[in-house]
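Please look over the following structure with attention to how its helices and strands are arranged. The report takes up a sheet and a pair of packed helices.

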Amino acid sequence: MDTGALTIAYARVKAILDEAAGDSSADYGGAGRFWTRGARALEEAEIFGVKMVAPPATGHACCAPVRTRSAASGLIKGLRGEAPFDGDRFPALPWGGRTVSPSDIDHIAEWIDAGCPDETTSVPVELSPGEPAPPVRVRTSQIAEFAVAVEGYSPTSQVGEPRRRMNIDFMGEAQLDRLRRGFRQLYALNRWPEDRRSYNNQALIHQNHCQHGWERFLPWHRAYLYEFEQNLQDFEPGLMLPYWDFTMPEYRPEEPDKGCIIPKSMKAYLTEEAAETLVAALDPAPTADQKKAVLALARERTYFTSQHHFFCHLVTTIGYGAVTPDPKNANRQRLIDALLESNALWYPLRYPAEYAGGGTINQVIHYHYPSADDITQILSLNNFRDFGGGNIYDAAFGFLDQNPHNTMHIWTGGQNPDAGLAAYVCKDGPTATGTTPQPEADTARLRALTIRRNDAAQVGGRRFHARSDLYSQPGLGDMFSNLTASYDPVFWPIHVNIDRIWWEWQKLNPNALPADLDAVLSPWNCTIRDTLDIAPFGYEYVRSSHFMPVGLEAPVSRFVSQPIAVPEAGRNFKRAEIRLHQVPQLMRSCFVRAFLNDPGANASTAIKGNPHYGGYISIFGHGACYGGPGHCDIPPAQPRRFDQRPRSHNTPRNHRIDVTAAAKRAFEGGGPLQITLVVIGGDYQEESELLKLEGVSISFMD
């Protein structure tokens, strides 16, 4: 057998048969409930001369077919309805009860083939992998802790299981890589101009249909985000757009030019593979020291806010000067190619926090960067006209639309410090003379390009995301204009955050609605009314989330997670919630207690005055099944085609425990977080064979 697989316990076998038998009074020819007297008694039990568990196979183990013992056992034959339990001599097992599911029959077969172990929880562990050493059994409580899924959230897409839109600054590298892969897939579709999913076509929707300055601003963009998210999920199932909370302390709203500027994940950097390709392509070739310095940028993952900062570092710090701002400069093109290859979320035509003469957004544009106080004031508004915009009869810009929305477009777009220049002019450093001169004609052409890009743009033949456009030197970043904004990947997390703020306001003002609810939002067929609730769109907002898969195959009594690393910045949350995902109807009632950083907690652990105790939930038991075969089976995630009936009574649900206070106490001591869940029955004893669930998560909310 596979020594890495969990061995099912006798208690689990007993629970399966108890549940299937229900209230049946069948005594099996005087044998009674033969499975309830322990593993050894079950191994010896007989019904009318038929042994319920076949004796072990004789001969050398390597010569015996897999599952020989279970296949020959009367219990397995009876549960499967095979002779002599096929109705001719005896009915299928259990008599007077319900049919056991195939997966549970397989579990019992595994128990028999494992030698009918009597341990309550055991797992075979090969102490010397690869060597002919016999496996040794140890208790799973000594080694088993549930690990956090790499992607951080449930991979399932069950009914009633909303996806999580998370804060981009708290996403792990694996999650960010998925996001980058999704964007690359949509970029790749640009080769097929008629594919509506392509990034260019998605960006053109905003150019041709975007709504700003009135009531449709928020509903239209909610539908737009959903459309783009669905296209990403065609290639990366379950992928969700994150939000950028630009008011967090690390962005220093009071002095934004001294903060993080934009999320680190959206900055320019080099991967080692891209850097190796780059240094081999540059002409003239960099010196040995310059090559070493470029490779070090990749190895140490050095981040740059914009291409200007990257090129100035290349010129002033590394000393490679054979590059100019000329869009035709071959070395500059190769460098931009390498940065795009490294990070699909970086965009060359983005100059965040860069303004004419090196000024700030307040000095040059006379805007102020949005702060947490600004958002608090906006959330205090009590009518949609002021918050989101007035209708056609009462034209008014909503305050959310003006700041933070408009401000963040201008902040991230910025003004290109290299437009029209023949060489890079870097602060506190030498100027790169390069090898390509910048004729006056080219300077004039670049200025004309700057004007053209912010005039009315043509739809037909537009080639954005072609590399020739990304090498250009416009005076303003694409986020500066409605016509070009959505070509920049930073557009999406900014607008997701605007949607999040609207959702927070909706929960405070459920009756404050825009006018004209039945107006259709072009180019889709949904109306304003359709966008008012995010639940049908299938998402929710969390600051960060950590999901630990469990699986419905076997019950758990005490769930213990591996230590969960929560970033320091992510510990500044308003609410923390543990969720039990996809819990089916349980046969008996129970309650589940949650503890943080107390992996040894059990049913007798004190809760009063215990700083580790987070809270509990009560689960109302269904009781024994009263229906026929399949009546209480877990229904499929999707109903049959044309089945319009309400969801099954046995559809799994999610249970939630608010652990805010305990989580804040746990973080006071620093270090990681560890979750323990204890299942306790009505007799206040630990229930070892009752709770099933798909997984457990802990989420932190803003």
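In what order do the four strands of the open sheet stand, and is the pairing parallel or antiparallel?

## The open sheet

In this predicted model, the four strands follow the order β7-β14-β9-β12 in an open sheet, and their pairing is antiparallel. The edges are taken by β7 (544-549) and β12 (653-658), each of which has a single partner strand, so one side of each is left without a neighbour in the sheet. On average, and with direction ignored, neighbouring strands of the sheet are turned by 20 degrees against each other.

The edge strand β7 pairs with β14 (residues 695-701) in the antiparallel sense over six bridges, and F547 has S697 in β14 as its bridge partner. Helix α20 (residues 660-668) packs on this sheet, where it touches β9 (575-583), β12 and β14, and its direction makes about 120 degrees with that of β9.

## The helix pair α8 and α19

Helix α8 (residues 217-233) packs with helix α19 (residues 491-508) at an angle of about 125 degrees, and their axes lie 10 Å apart. That angle makes α8 oblique to α19, and the crossing of the two helices is left-handed.

On the α8 side, the contact is made by F217, L218, P219, H221, R222, Y224, L225 and F228, while α19 contributes F491, W492, H495, V496, I498, D499, W502, W503 and Q506. Sorted by class, the contact of α8 with α19 comprises 12 nonpolar, three polar and two charged residues.

Conventions. Residues numbered from 1 in each chain as written. Predicted model: local features only at pLDDT ≥ 70, side-chain atom pairs only at ≥ 80, totals over all residues. Heavy atoms only, no water. Axes fitted to C-alpha atoms, helices over the stretch in contact; angles between N-to-C directions. Parallel < 35°, antiparallel > 145°, perpendicular 65-115°, else oblique. Left-handed = near helix turned anticlockwise from the far one by under 90°. Contact = heavy atoms within 4.5 Å. Nonpolar A, V, L, I, M, F, W, Y, C, P; charged D, E, K, R; others polar. Pairing = 2+ DSSP bridges.
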